[in-house]
Amino acid sequence: MSESLRTAQSPVAGPDRPELRKALQEIVDSGITGVHLRVHDERGGWAGSAGVAELGANAEPPADGHVRIGSNTKTFTATLVLQLVAEEKVALDVPAAVYLPGYGLDERITVRMLLQHTSGVFNFTGEYYEDGTVAPGIIPATVSGKEWVDNRFHTYRPEELARLALSRPARFEPGTDWSYSNTNYVLARLLVEKVTGRSCAEVTQERIVRPLGLSGTSVPGTSPEIPRPYSHAYYRYEDAGRQETVDVTRHNPSWISAGGDMISTTQDLHTFISALAGGRLLPAPLLAEMAKPHPKSGFGLGLRVQEAGPGGGTLLFHNGGAAGHAALMYSTSDGGKTLTASLNYVDDAALSLTGAFLKAQDRLVQEVFRGGRTGPADEAVGTAQPAA
């Protein structure tokens, strides 16, 4: 076995998985600093790591280390909104402005549009267009280079982010197109807080974290801390003509809010996505709504939907990156087979590791859900974007 690849078997370990160990090594060889993978399927549970947890050190990423899960946060937030729909406290096709007065929201924007990214609201972390151009965001985000580094401990209020974003022209008329926007989920967070009268962090703990026993999952708010153990996240930027790389494991995640601020582990993500897909968190009709893909994007309500190919079935998933940390979260539609992973890497304003990240997710899906058969790369509108 390569020195850079050590396998940590899970407590419910099945047989060794050399094909998965090989896939992990290929991911590290592509430029990712470290990766930890957890798989639960008909062969049992398996977990393994490759690469390193810290640049210049030798230790591999810890088994079930804590990681900033980026836009996997959106699946948690969407679940909260849909639970409120199940309780008839919120309606999917009612204007979001009914629940969020005072923000000047277009009355045509429904709650469903927020969850499915069809509202057209400006993305406060920056807009990405099909021709490759980027419209800068309205706060320093991870596409901002040194400006984000210098401001990474600044506190932003979700109300502030929402108002700043809504002050910009919409990208398109509500419901006429699809575009990934972190603003949608800041608004979804504010909706949860308005309807429940409690913070989104408290509601997440009460409705998801505690019932499922997610001991490694948290909504950090404005705290820059991350519980140990963890792998280190890095960011590379240019300063006075020099390339600098800084450890950004600690940063204030309020800059991304419910667009991608949560912390979790691969074990907790497995528990969450298998419970969600298995019908433990939502009534069947609402889970079906959540998993109904938009024709352009494959995005449901806080979930993506993908056909794995012959024998692989339908996959429910979300992935996300957040300043040198990333997480993958996949499940079959019945919750019976899952893939969760955490990655640490050197991020930068140019998103240089986008290709490696997308290849990593497709390589793992290929091995776990397609039995090693190759297939089309995952659609990843947003998954390669910061905290997307």
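**Entry 1: helices α5 and α6**

Which residues in α5 meet which residues in α6? I began with this pair, bearing in mind that the model is predicted. From α5, I listed P158, E159, L161, A162, A165 and L166; from α6, I listed T183, V186, L187, R189 and L190. Sorted by class, this contact has eight nonpolar, one polar and two charged residues.

Two packed helices are described by the angle between their axes and the distance between the axes. I therefore looked up both values for helix α5, residues 158-166, and α6: the angle is about 135° and the axes are 9 Å apart. Angles over 145 degrees would count as roughly antiparallel, and 65 to 115 as roughly perpendicular; α5 and α6 are therefore oblique to each other. I also noted that α5 passes α6 in a left-handed crossing.

**Entry 2: helix α2 against α6**

I turned next to α2 and helix α6, the latter covering residues 182-196. These two helices pack at an angle of about 40°, and their axes are 10 Å apart. That angle makes α2 oblique to α6. The crossing of α2 past α6 is left-handed.

For the contact, I recorded K74, T77, A78, L80, V81 and L84 on the α2 side. On the α6 side I recorded N182, Y185, A188, R189, V192, V195 and T196. The residues of this contact divide into eight nonpolar, three polar and two charged.

**Entry 3: helix α2 against α7**

At what angle do the axes of α2 and α7 cross? I found roughly 75° for helix α2, residues 72-86, and helix α7, residues 200-212, with the axes coming within 11 Å. This makes α2 roughly perpendicular to α7.

In α2 the contact is made by F76, T79, L80, Q83 and L84. In α7 it is made by C200, V203, T204, R207 and I208. By class, I entered six nonpolar residues, three polar and one charged for the contact of α2 with α7.

I noted that L80 and L84 of α2 appear in the contact with α7 and also in the contact with α6. Likewise, R189 of α6 is listed in the contact with α2 and in the contact with α5.

**Entry 4: the sheet of three strands**

I then examined an open sheet of three strands, whose order is β8-β7-β14 and whose pairing is mixed. Which strands stand at the edges? They are β8, residues 242-247, and β14, residues 346-348; each has a single partner strand, so one side of each is left without a neighbour in the sheet. On average, neighbouring strands of this sheet are turned by 35° against each other, direction ignored.

Strand β7, residues 234-239, pairs with β8 in the antiparallel sense over six bridges. Within this pairing I located Y234, whose bridge partner in β8 is D247, and Y235, which stands opposite V246. The hairpin of β7 and β8 has two residues between the strands, and A240 takes a positive phi near 55° there.

β7 and β14 pair in the parallel sense, over three bridges. Here I noted R236 opposite D348 in β14.

**Entry 5: salt bridges**

How many salt bridges does a search of the whole structure find? I recorded 27. Side chains of opposite charge can pair when their charged atoms come close. As one example, I looked up R43 and E19, whose side chains meet in a salt bridge at 3.5 Å, N to O. R43 lies in the loop between β2 (34-41) and β3 (44-51), and E19 lies in helix α1, residues 18-29, so the pair ties together parts that are 24 residues apart in sequence.

**Entry 6: backbone details in two loops**

Where is P229 found? I placed P229 in the loop between α7 and β7. The peptide bond from R228 to P229 is cis, and its omega is near -5°.

Finally, I looked up H117, which lies in the loop between α3 (111-116) and β5 (126-128). H117 is not a glycine, yet I recorded a positive phi of about 65° for this residue.

Key: Residues are numbered from 1 along each chain as its sequence is written. This is a predicted model: local features need pLDDT of at least 70, side-chain atom pairs count only at pLDDT 80 or more; totals for chains, interfaces and linings use all residues. Side-chain values use heavy atoms; hydrogens and water are left out. Two strands pair if DSSP finds at least two bridges between them. Helices (H or I, at least four residues) and strands (E, at least two) are DSSP runs, numbered from the N terminus. Axes are lines fitted to C-alpha atoms, for helices over the stretch in contact, and angles run from 0 to 180 degrees between N-to-C directions. Angles under 35 degrees count as roughly parallel, over 145 as roughly antiparallel, 65 to 115 as roughly perpendicular and the rest as oblique. Contact means heavy atoms within 4.5 Å. Ala, Val, Leu, Ile, Met, Phe, Trp, Tyr, Cys and Pro count as nonpolar, Asp, Glu, Lys and Arg as charged, and the others, Gly among them, as polar. A crossing is left-handed if the near helix is turned anticlockwise from the far one by less than a right angle, and right-handed if clockwise. A salt bridge is a side-chain nitrogen of Lys or Arg within 4 Å of a carboxyl oxygen of Asp or Glu.
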